Every structure is written in C-alpha cells, then in structure tokens.
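Subject: Structure handover

Hello,

Please find the structure we talked about here. My notes on it come after.

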Amino acid sequence: MKLHDLQPATGSHAPARRVGRGHGSGKGKTAGRGTKGQKSRAGGSIPPWFEGGQTPIHIRTPKLHGFRNRGRVAYAAVNVGRLVEAEAGTLITPDVLAHGGLVRRSKTRALPVKILGAGDAPKGVTIHAHAFSRAALDKLAAAGSTAQRISWPDGNPVDEAAEARAQAEAAAAAETRQRARGKRRSKRKGQGTGAAAGAAAAAAADDATDASSGDAADYTPAAPDDDASEPEEADAEGATA
C-alpha cells in the first residue's frame, strides 16, 4: 500500500449532480424545483416560521403573565377551628391530620402542614406542624395548647431559640462584612485624596526651599524713602527747639 494507492471506499463519495443541464441529465428543465410557484424562483426562500399568512403559532399560544415566586412554599392549610373537638392531652401531628382527612392531599407530592387561625382553638392539646400563622399561635396560647414547629421533610422539632440565634449571628456577620467593605472603600478614596494633597504640599515645600536658598550677595536693601524721613527730621528739630 502506497500513498498514491489510497482512495475512498466504493460508494462513500457520489459525484455532485449537475442540475439544469438538459433533459438527458435527469435534472433538466425545472432542475428539481417542481413546476412554477414561489419556491421555484430564485431568491424565493420562505422562513421556517412562516405559515402561509395564517396566525403563527407563537401568537396563537396563550401566555402566562404576572410574577411567580420560585421560593414560594405550598402548604396544606388547616384551621384551628377544625381541631376544636380534640380532647385535652391529644398529640396532633401531620400524620394524624392526614389520617383524619383534614389536610389536602397532593396528587404528585406531599405538602407541609400549616395551621391557620380561623375558628376557636382546641384546649390543652399539642400540635406539631411545619408552620403556624400568628393568629393561630395567639389562639393556641390563649387556649392553653402547645404549638411545636417541625422541620420539613424530616419532621424533627425545631429549636426556636437556636434558630433565632443563628439568624442574629448571620445578620451580625452580614453587617460586619458591610462595615468592612465600607471602610475599605473609604480608605481607597482617602488614599487618592491624600496623594493629591501630599503632592501639593511637596510642591509648596520645594517653592519655599528655592526662595530661601537665594544668594545673599544678590540681596540689595531698599533705599530709604526721603518722604518718610522728613517728618522724623522735623520732629527732631522741634525737640531741639
């Protein structure tokens, strides 16, 4: 095998078909463009989204307008009024609510439970839920019931004090970072202003040095003013008289 013996495999390369070269070529007369019409003319290209003049799909499709919060949490809400018949000392959990048919079931996924404040609160019960409204907390506290917030999705009790401390520490750290950033920014601005002031002070010092280093021999005292000396002589004569 030599370099001049190399050639592509049989059938892998087909010669280009020359269109419009007579009837016997197989692509003569209309050159494969069909008979008349917009697409048979030169420059008659049609954009792929064109639909013949009818309303195009991107206009026929309805749009969803408005803002959608991606961080929104969907809850299965239960009002305290639906739990008013619970006996004192009862522990109410999301599983108990689901078993009793009090929470809305999602067809695709489980939802965290939130207790709302509509209705009268049960007395002397303990409620475990993933979230509580402020009205629900107030009513449960007034009725002598306990509200315990649990985490989602593991369901562990949430330490309110520890969470508050963590939030306070995060806020303090953010404030410290902001303060340090402001100090660095003011320091950079001060360096620029200080450099300009230092250059001006150095130029003034150079001018003062040049003025003080002049040759003493070149200094000529000013001649006394005759007009200024006459009053002195008159005063002297008056004193002698």
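Below is what I found, ordered by sheet, loop and surface. Please keep in mind that this is a predicted model.

The sheet with β4

Three strands form an open sheet in the order β2-β4-β6, with parallel pairing. The edge strands are β2 and β6, each of which pairs on one side only.

Strand β2 covers residues 91-92 and pairs with β4 over two bridges. In this pairing, L91 has T126 as its bridge partner, and I92 has I127. On the other side, β4 pairs with β6 (residues 146-149) over four bridges, again in the parallel sense. A129 is bridged to R149 in β6.

The side chains of β4 (residues 126-129) alternate. I127 and A129 point to one face and are buried, while T126 and H128 point to the other face and are not buried. In general, the side chains of a regular strand alternate between the two faces of the sheet. Put together, I92 is bridged to a residue of β4 that is buried, whereas L91 is bridged to one that is not.

The pair β1 and β3

Strands β1 and β3 (residues 113-116) run parallel and are joined by four bridges. The bridge partner of V78 in β3 is I115. Strand β1 (residues 76-79) also has alternating side chains: A76 and V78 are buried and point to one face, while A77 and N79 point to the other and are not buried.

H130

Just where does H130 lie? H130 is in the loop between β4 and β5 (131-132). Its relative accessible area is 10%, so H130 counts as buried, the cut-off being under 20%. The side chain of H130 reaches the backbone nitrogen of V113 at 2.9 Å. Leaving aside residues up to four places away in sequence, H130 touches P94, P112, V113, R149, I150, S151 and W152. Of these contacts, V113 belongs to the residue range of β3, and R149 is the β6 residue bridged to A129.

The surface patch

M1, L3 and L6 form a nonpolar patch on the surface, and together they have about 440 Å² of accessible area. L6 lies in the segment before α1 (57-60). Is L6 buried or exposed? L6 counts as exposed because its relative accessibility is 56%, and the cut-off for exposed is over 50%.

Regards

Conventions: Residues numbered from 1 in each chain as written. Predicted model: local features only at pLDDT ≥ 70, side-chain atom pairs only at ≥ 80, totals over all residues. Heavy atoms only, no water. Patch = residues over 30% accessible without salt bridge, like charges linked within 9 Å, V, L, I, M, F, W, Y side chains within 5 Å. Areas by Shrake-Rupley, 256 points an atom, 1.4 Å probe, with all protein chains shown as cover. Salt bridge = Lys/Arg side-chain N within 4 Å of Asp/Glu carboxyl O. Buried < 20%, exposed > 50% of the residue type's maximum accessible area, 1.4 Å probe, protein only. Pairing = 2+ DSSP bridges. Polar contact = N/O pair within 3.5 Å; in protein donor to acceptor, adjacent residues only side chain to side chain. Contact = heavy atoms within 4.5 Å.
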